[in-house]
Number of protein chains: 2
Amino acid sequence: MRPTPSIDRGRIEAAATLLDGRVRRTPVVGFGAGFSGHPDVVHKLELLQHTGSFKPRGALHRALTSEVPAAGLIAASGGNHGLAVAWVAAELGVSAEIFVPEVSPAAKVDKTRRLGATVHVTGALYDDARAACVARRAETGALDIHPYDHDDTVAGAGTIGLELDEDVPGLDTVLVSLGGGGLSSGIAAWFAGTDTRVVVVEPETSSCFAAAVAAGAPVEVDVAGVAADSLGARKVGLANWRALHAAGAASVTVADDAIRDAQRRFWAEAQLVVEPGGAAAAAALWAGAYEPRAGERVAVVVCGANCDPATVVT
Amino acid sequence: MRPTPSIDRGRIEAAATLLDGRVRRTPVVGFGAGFSGHPDVVHKLELLQHTGSFKPRGALHRALTSEVPAAGLIAASGGNHGLAVAWVAAELGVSAEIFVPEVSPAAKVDKTRRLGATVHVTGALYDDARAACVARRAETGALDIHPYDHDDTVAGAGTIGLELDEDVPGLDTVLVSLGGGGLSSGIAAWFAGTDTRVVVVEPETSSCFAAAVAAGAPVEVDVAGVAADSLGARKVGLANWRALHAAGAASVTVADDAIRDAQRRFWAEAQLVVEPGGAAAAAALWAGAYEPRAGERVAVVVCGANCDPATVVT
């Protein structure tokens, strides 16, 4: 039996109302059949969001629906969520303390510091930074904004599904990458019970959702590879798993080489700098990991930009 | 007395019909008041167009409304127009010969060659490449696609005005950069006789339109500076001047430093790699060269991306 998710359209619509005018309405663009090899593919350019990823939607919604204590905000992150929490803190005029792992690229860490947050680089991967964050939070009492495993964060990310639905009614498929599941579960919650199916794309090197699908529940996996900073959670979040499972989201994986190739194509043919985690969903089309049928209307969520541009130039 | 331009809305609408499905419909995005310092500014992201600039609109429209001889296409360009003509040739299955000056960056020259065109790097600036192109054209009989001074090219670029008008009805002002005037005159032709005013932005170091406004007719100027490869025409085109003058386009100039600063802001705050010529229009807002009044609805055309991303990273 599929679990009942606690995020529904009403919650996502309420989140959209709260976020209106505070986050960017990102555009949906068709780059032409020559770009993706399929004529009916559009791209939601969420990498143009504040701070360069989708993360401000969930983080700001979580902060706006909580009581923010005098100690401010605290978060652990592979990089993009920390950037978003730092941005939220600056928007709300409170302080932020961010824990990132060593795998987080300089592009993200430096940008987070420029937003005024205190940044601690701790441990090899996200889960190590998370442990340090939890310990510190017990001392300060700051509001801990989890990067994905919270209904209010998921509802914030779900506004991307709402916008896609408004801008491109009648989509068959949404391709979206997954780290811990915050983004994909929000979009899946929006489309649950409709004819629009969410396809979760993960790197073969970091595929906790594929493992959860195989096991029937979230399980721990090893994580590595080119997208480890943004997609390298060891286990899909519980709130996220519930929403994805309830919506019947599919799972595909792509090789790291396909992700690098997708980054190069985005730059060469669309003039966009896309980070590995942001390019993974499109890589599923180019690498043939997901093959749309003729006439299938597909949206690809391009969810992050934060990397060194030198890595995407051919 | 203002001259009568030969490009009207009917011609631009016809161009839009011909170009539909062949060029990208680029999005209009608001980045928030924090981005430009003004709440009512939107950006037409024409840098997401095929080849990374607005140029395919005019070049393809010119080719589609002409007889293309067996010798194919020929063009002189600072770089972006040559890229566009190479792309048009590939789309139509004909050959292309492109003349660019030494000031054209490697990012443009290499991309043009990858599209299959024969590229000749000739002379210091655009006008030198133009002279070589005219001489070669006399030998081959290829279709010479001028980068700006032709009504069919202007009508193609004018489709940007049409799209802006559809997507953001009731604009007060469109800020757009000028090299020879192809882009700005097309947009001005669309908005001529309406309440929407076109403001032409040029680098102080390459300002042939400002000189033409002062003289009352196109005159030759010296050109140099950070945007010389894309905005470095020595004289505004005659067809372009007519359309701009008839529409009452205003003229402002910005310093090279302001253009570099705009490039850095586009990357730091919107994750966009924008070349100097593409960033000049936005620079007019940041540098205060153009000050919108309260509530003024402004669109900025971001018209080109082709540069080395390393030059925009802060």
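Across the interface of chain A and chain B, the rule finds zero salt bridges, a salt bridge being a side-chain nitrogen of Lys or Arg within 4 Å of a carboxyl oxygen of Asp or Glu. What the interface does have is 10 residue pairs in polar contact, both residues at pLDDT 80 or more. A polar contact here is a pair of N or O atoms within 3.5 Å; within protein, one must be able to donate a hydrogen and the other to accept it, and residues adjacent in sequence count only if both atoms are side-chain atoms. On the chain A side, H5 and helix H12 (256–270) are the elements that give two or more residues to the surface touching chain B. H12(A) gives the most, with four residues. Helices (H or I, at least four residues) and strands (E, at least two) are DSSP runs, numbered from the N terminus.

A word on ground rules: this is a predicted model, in which local features need pLDDT of at least 70 and side-chain atom pairs count only at pLDDT 80 or more, while totals for chains, interfaces and linings use all residues. Residues are numbered from 1 along each chain as its sequence is written, chains are lettered from A and ligands numbered from 1 in the order in which they are written, and side-chain values use heavy atoms, with hydrogens and water left out. As for pLDDT, that is the predictor's confidence in each residue, from 0 to 100; chain A averages 95, and 98% of the residues score at least 70. For the complex, the predictor gives an ipTM of 0.95 and a pTM of 0.96.

Back to the interface. In it, 28 residues of chain A are in contact with 28 residues of chain B, contact meaning heavy atoms within 4.5 Å. The two chains bury about 1900 Å² between them, 59% of it on carbon and sulfur atoms. In chain A, the residues that lose the most area to chain B are A:Arg24, A:Leu48 and A:Gln271, together 32% of what that side buries. Buried area is the accessible area (1.4 Å probe) that two parts lose on being put together, summed over both.

So where are the salt bridges? A search of the whole structure finds 36 of them over all chains. Take A:Arg57 and A:Glu163, whose closest N and O atoms are 2.9 Å apart. This pair links distant parts of the chain, with A:Arg57 in helix H3, A:Glu163 in helix H7, and the two positions 106 residues apart. A:Arg57 counts as buried because its relative accessibility is 0%, and A:Glu163 is buried too, at 8%. Buried means under 20% relative accessible area, exposed over 50%, and partly exposed in between (1.4 Å probe, protein chains only). Leaving out residues up to four places away in sequence, A:Glu163 touches A:Arg25, A:Thr26, A:Lys44 and A:Arg57.

Over in chain B, the side chains of B:Asp144 and B:Arg130 meet in a salt bridge at 2.7 Å, N to O. B:Asp144 sits in strand E6 (residues 143–144) and B:Arg130 in helix H6 (residues 126–140), 14 residues apart. Both are buried. Sharing partners, salt bridges in chain A join A:Arg25, A:Lys44, A:Glu46, A:Arg57, A:Glu163, A:Glu166 and A:Asp167 into one network.

Now follow helix H4 (residues 80–92) of chain A. At 1.5 Å a residue, its 13 residues should span 18 Å, and its end C-alpha atoms are indeed 18 Å apart; the expected span is 1.5 Å times one less than the number of residues. Since 10 of the 13 residues are buried, H4(A) is largely enclosed by the rest of the structure. Among the buried ones are A:His81, A:Leu83, A:Trp87 and A:Val88. Their packing partners in chain A are helix H3 (55–64), strand E3 (73–76), strand E4 (96–100), helix H5 (106–114) and helix H10 (228–231). After H4(A) comes A:Gly93, with a positive phi near 70°.

Helix H11 (residues 238–246) of chain A can be read in a similar way. Its buried residues are A:Ala239, A:Asn240, A:Trp241, A:Ala243 and A:Leu244, and they pack against H7, helix H8 (182–191), E8 and H9 of chain A. A:Gly248 follows H11(A), with a positive phi near 70°.
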